Amino acid sequence: MNRLIVIALVFVSLAAAALAGCGGGGGSSSSTRTAALSSCDINGRQQNLGASYVTSIDVAKVSCAEAEKVVIAYHHCRLANGGAGGTCKTAVAGFTCSEGSRQSVPGVQFNATADCRKGDSEIKSTYTQNF
């Protein structure tokens, strides 16, 4: 029964992360996008990219293969600096990353975004981290 609850929470949080990514336009953003972002196909690898689940990766002026390496390095840095709830304050693979606000299910998991930049290159990812 507990396993079913955890699975249900994961699906609910993945759906919430997907909906959060579809937020309305029109508002100004504190970050300036360098170029149009393209989505990377990470189907089947969501649990192999450093967090419990990486739910999306979007890139500009960088390959999806390199983006996956940066995302993995970011999560390794984050986990090495505080465990599941940790943060990464140093550059990874030459990219400087910032994290958006965390939407959490207290004591269970949180959803967040990470935006990594190096020059004109940008990698945006969304993820779920279980505690």
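The side chains of Asp120 and Lys61 meet in a salt bridge, with 3.7 Å from N to O, where a salt bridge denotes a side-chain nitrogen of Lys or Arg within 4 Å of a carboxyl oxygen of Asp or Glu. Because Asp120 lies in the loop between S5 and S6 and Lys61 in the loop between S2 and H2, the pair ties together parts that are 59 residues apart in sequence; helices (H or I, at least four residues) and strands (E, at least two) are DSSP runs, numbered from the N terminus. Asp120 is partly exposed, at a relative accessible area of 48%, whereas Lys61 counts as exposed at 57%, the classes being buried for under 20% relative accessible area, exposed for over 50% and partly exposed in between (1.4 Å probe, protein chains only). The model is a predicted one, in which local features need pLDDT of at least 70 and side-chain atom pairs count only at pLDDT 80 or more, while totals for chains, interfaces and linings use all residues. Residues are numbered from 1 along each chain as its sequence is written, and side-chain values use heavy atoms, with hydrogens and water left out.

The structure holds 5 salt bridges. Side chains of opposite charge can pair when their charged atoms come close. Arg117 forms one such bridge with Asp115, the closest N and O atoms being 3.3 Å apart, and another with Glu122, for which the corresponding separation is 3.1 Å. Through these shared partners, Asp115, Arg117 and Glu122 are joined into one network. Within the network, Asp115 is buried at 9% relative accessible area and Glu122 is buried at 1%, whereas Arg117 counts as partly exposed at 22%.

Glu122 also takes part in strand pairing, standing in S6 opposite Ala60. Strands S2 and S6 pair in the antiparallel sense over 7 bridges, two strands being taken as paired if DSSP finds at least two bridges between them. Strand S1 (residues 38-39) likewise runs antiparallel to S2, to which 2 bridges join it, and Ser38 stands opposite Val59 in S2.

Val59 belongs to the largest nonpolar core, which has 23 residues and in which Val54, Ile57, Val59, Tyr74, Val92, Ile123 and Tyr127 touch the most other members. Such a core is a set of buried Ala, Val, Leu, Ile, Met, Phe, Trp, Tyr and Cys residues joined through side-chain atoms within 4.5 Å. Two or more residues are given to this core by each of strand S2 (53-60), helix H2 (64-80), strand S5 (109-118) and strand S6 (121-130), with the largest share, 5 residues, coming from H2.

Tyr127 is buried, with a relative accessible area of 0%. Leaving aside its neighbours within four places in sequence, Tyr127 is in contact (heavy atoms within 4.5 Å) with residues including Val54, Tyr74, Arg78, Glu99, Arg102 and Phe110.

The structure holds 2 aromatic pairs, for which ring centres of Phe, Tyr and Trp (its six-membered ring) must lie within 6.5 Å, with planes under 30 degrees apart counted as stacked, over 60 as edge-to-face and the rest as tilted. The rings of Phe110 and Tyr127 have their centres 5.9 Å apart and their planes at 75°, so the pair is edge-to-face; this pair links Phe110 in strand S5 with Tyr127 in strand S6, 17 residues apart. Phe110, which counts as buried at 2% relative accessibility, also pairs with Phe131, the ring centres lying 5.6 Å apart and the planes at 50°, so that this second arrangement is tilted. Phe131 lies in the segment after S6, 21 residues apart from Phe110, and counts as exposed at 52% relative accessibility. Phe110, Tyr127 and Phe131 thus form one aromatic cluster.
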